[in-house]
Amino acid sequence: MAYYTGGRADQEQADASARPAISGSVENLEQYDVIFLGYPIWHGQAPRIISTFLESYDFSGVTIIPFCTSHSSGIGSSAENLHSLCSDTAAWMDGRRFSGDAAESEVAEWVESLELPESEARTVGEFDFETKTVLLNSGYEMPIMGLGTYSLSDEECAVSIAALLEAGGRLIDTAYMYGNEAAVGQAIRDSDVPREEIFVITKLYPTQFDHAAAAIDEALEKIGLDYIDMILLHHPGDGDTEAYLALEQAVADGKVRSIGLSNWYVEELEEFLPQVNITPALVQNEIHPYYQENDVIPYIQSLGIVVQGWYPLGGRGHTAELLGDETITAIAETHGVSSAQVILRWNLQKGVVVIPGSSDPEHIRENLDLFGFALTDEEMEQINALDRNEKHDWY
């Protein structure tokens, strides 16, 4: 853009009431105590779109630190002129101007000189066993254990979700292919638990990839909630990249908060990730003691992506064998817990979120009771030694 050419930016800057629209929104701004507000100097002031931003959110109690870039102009009065656009309780610090060729070290030195209080922000992907949550790279927190609804009928969904929520569980996994999205949404609306405390995951199936935008709207309508916490692509298929880009747009539109993938492994991820803009917040794969993915899990986690395991108890037709494994039952006896609890705790200590499926309220409560004991390093190694690379589904 060039000055004094009569372009849109010139016209906006000459109009104090101009408020250019911003595409998308910052859904989790309330999590921040300090905001760095950067802008280029335009006709000696901040561009009007900065005014739009400041008037779009509540900055009460937030510290705002302005900085600008320019060819020669200083920050001047541009920052002070912004103060009246947001809450009186916002604390503004002195601004700083940087030239276009400023070194990273210069910026880092300035930030350090501000002597801001040390952040207590959590690390992405780090499990907090006190809050029983993990921080996603999308900025949202997700429970680390919950309920999988695969194969549950509408009536079973209602009973199971009620039991989950009553026992303190807040993570629910469903999918278009499960045919129970509407039942999941109804059970949530029927509960007394505030919507914002519940984390809902659903998935688009490959048959929906060629009309992904419409499929996202369909999921929202079926579930009957204002937003969906996370949508995954169910497994790789034709058009999966385009479908993922539709998920990215749904995030920008405020329909979905986080997005991810299911049944993507190292080779698939290496090919897929360079084609998209938003790093998946989650990859959900089959993981259990007989199929451990010990080469895949660290790779995914190294990318700042959380891993979630489906079939944590072995899956239909295999659960009894896994729960009866001599190594697991011996460890369970040592701790006075069930084999299922040992397996789920093993997953958590590996940094894997668990979503065991069940229609039995007692089992659902038991599957959430994972924090009264911990497995020793030796016990973890004993379970690690059970790996057979034995996959129990075709995904």
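A residue is called buried when its relative accessible area is under 20%, exposed when the value is over 50%, and partly exposed in between. T174, with a relative accessible area of 0%, is therefore buried. The model described here is a predicted one, and T174 is a convenient place to enter it.

**Surroundings of T174**

T174 lies in the loop between β9 (171-173) and α5 (181-190). Leaving aside residues up to four places away in sequence, T174 touches T149, N180, E181, V184, I201, T202 and K203.

**Aromatic pairs and a ring cluster**

A pair of aromatic rings is described by the distance of the centres and the angle of the planes. The structure has 15 aromatic pairs by the rule used here. One of them joins Y57 and F59 in an edge-to-face arrangement, with 6.4 Å from centre to centre and 75 degrees between the planes. The two partners can be told apart by accessibility: F59 is buried, at a relative accessible area of 1%, whereas Y57, at 22%, counts as partly exposed.

W310 and Y395 form another pair, and their ring centres are 5.9 Å apart with the planes at 85 degrees, so this arrangement is edge-to-face. The pair links distant parts of the chain, since W310 belongs to strand β14 (residues 306-310) while Y395 is in the segment after α14 (377-384), 85 residues apart. W310 is buried, with a relative accessible area of 11%, and Y395 is partly exposed, with a value of 21%.

Ring pairs also link F36, F67, F98 and W110 into a cluster. Within this cluster, F36 is placed in strand β1 (residues 34-40) and is partly exposed, with a relative accessible area of 35%. Not counting residues up to four places away in sequence, F36 touches I65, F67, W110, V111, L114 and L116. The C-alpha atom of F36 is separated by 33 Å from that of E242, a residue 206 places away along the chain.

**Charges over rings**

Two arginine side chains place their charged ends over tyrosine rings, as the table sets out.

| Charged residue | Ring | Distance of charged end from ring centre |
|---|---|---|
| R257 | Y227 | 3.9 Å |
| R388 | Y290 | 3.7 Å |

**Cysteines**

A disulfide is a covalent bond between the sulfur atoms of two cysteines. How many disulfides does the structure hold? The count is 0. For C86, the nearest cysteine sulfur is that of C68, 17 Å away, and C86 is in no disulfide. Since a disulfide requires two cysteine sulfur atoms within 2.5 Å, the 17 Å between the sulfurs of C86 and C68 rules out a bond between these two. C86 is buried, with a relative accessible area of 9%, and C157 is likewise buried, with a value of 0%.

**The enclosed helix α12**

Why is helix α12 (residues 339-349) described as largely enclosed by the rest of the structure? The reason is that 10 of its 11 residues are buried. The buried residues of α12 are S339, A340, Q341, V342, I343, L344, R345, W346, N347 and L348, a list that includes the charged residue R345. These buried residues pack against β5 (127-128), α10 (319-323), α11 (326-335), β15 (352-354), α13 (361-368) and α14. Just after α12, G351 takes a positive phi of about 80 degrees.

**Packing of α4 and α13**

Two packed helices are described by the angle between their axes and the distance between the axes. Helix α13, one of the elements against which the buried residues of α12 pack, also packs with helix α4 (residues 154-166), at an angle of about 35 degrees and with the axes 9 Å apart. The crossing of α4 and α13 is right-handed. On the α4 side the contact is made by V159, S160, A163 and L164, and on the α13 side by P361, I364 and L368.

**Positive phi outside glycine**

Most residues other than glycine have a negative phi, and most peptide bonds are trans. Against that background, H43 has a positive phi near 55 degrees, and S151 has a positive phi near 75 degrees. H43 is found in the loop between β1 and α2 (48-56), and S151 in the loop between β8 (147-148) and α4. With relative accessible areas of 28% for H43 and 47% for S151, both residues count as partly exposed.

How values were computed. Residues numbered from 1 in each chain as written. Predicted model: local features only at pLDDT ≥ 70, side-chain atom pairs only at ≥ 80, totals over all residues. Heavy atoms only, no water. Phe/Tyr/Trp six-rings, centres within 6.5 Å; stacked < 30°, edge-to-face > 60°. Buried < 20%, exposed > 50% of the residue type's maximum accessible area, 1.4 Å probe, protein only. Helix = DSSP H or I, 4+ residues; strand = E, 2+ residues; numbered from the N terminus. Lys NZ or Arg CZ within 6 Å of the ring centre and 35° of its normal. Contact = heavy atoms within 4.5 Å. Axes fitted to C-alpha atoms, helices over the stretch in contact; angles between N-to-C directions. Left-handed = near helix turned anticlockwise from the far one by under 90°.
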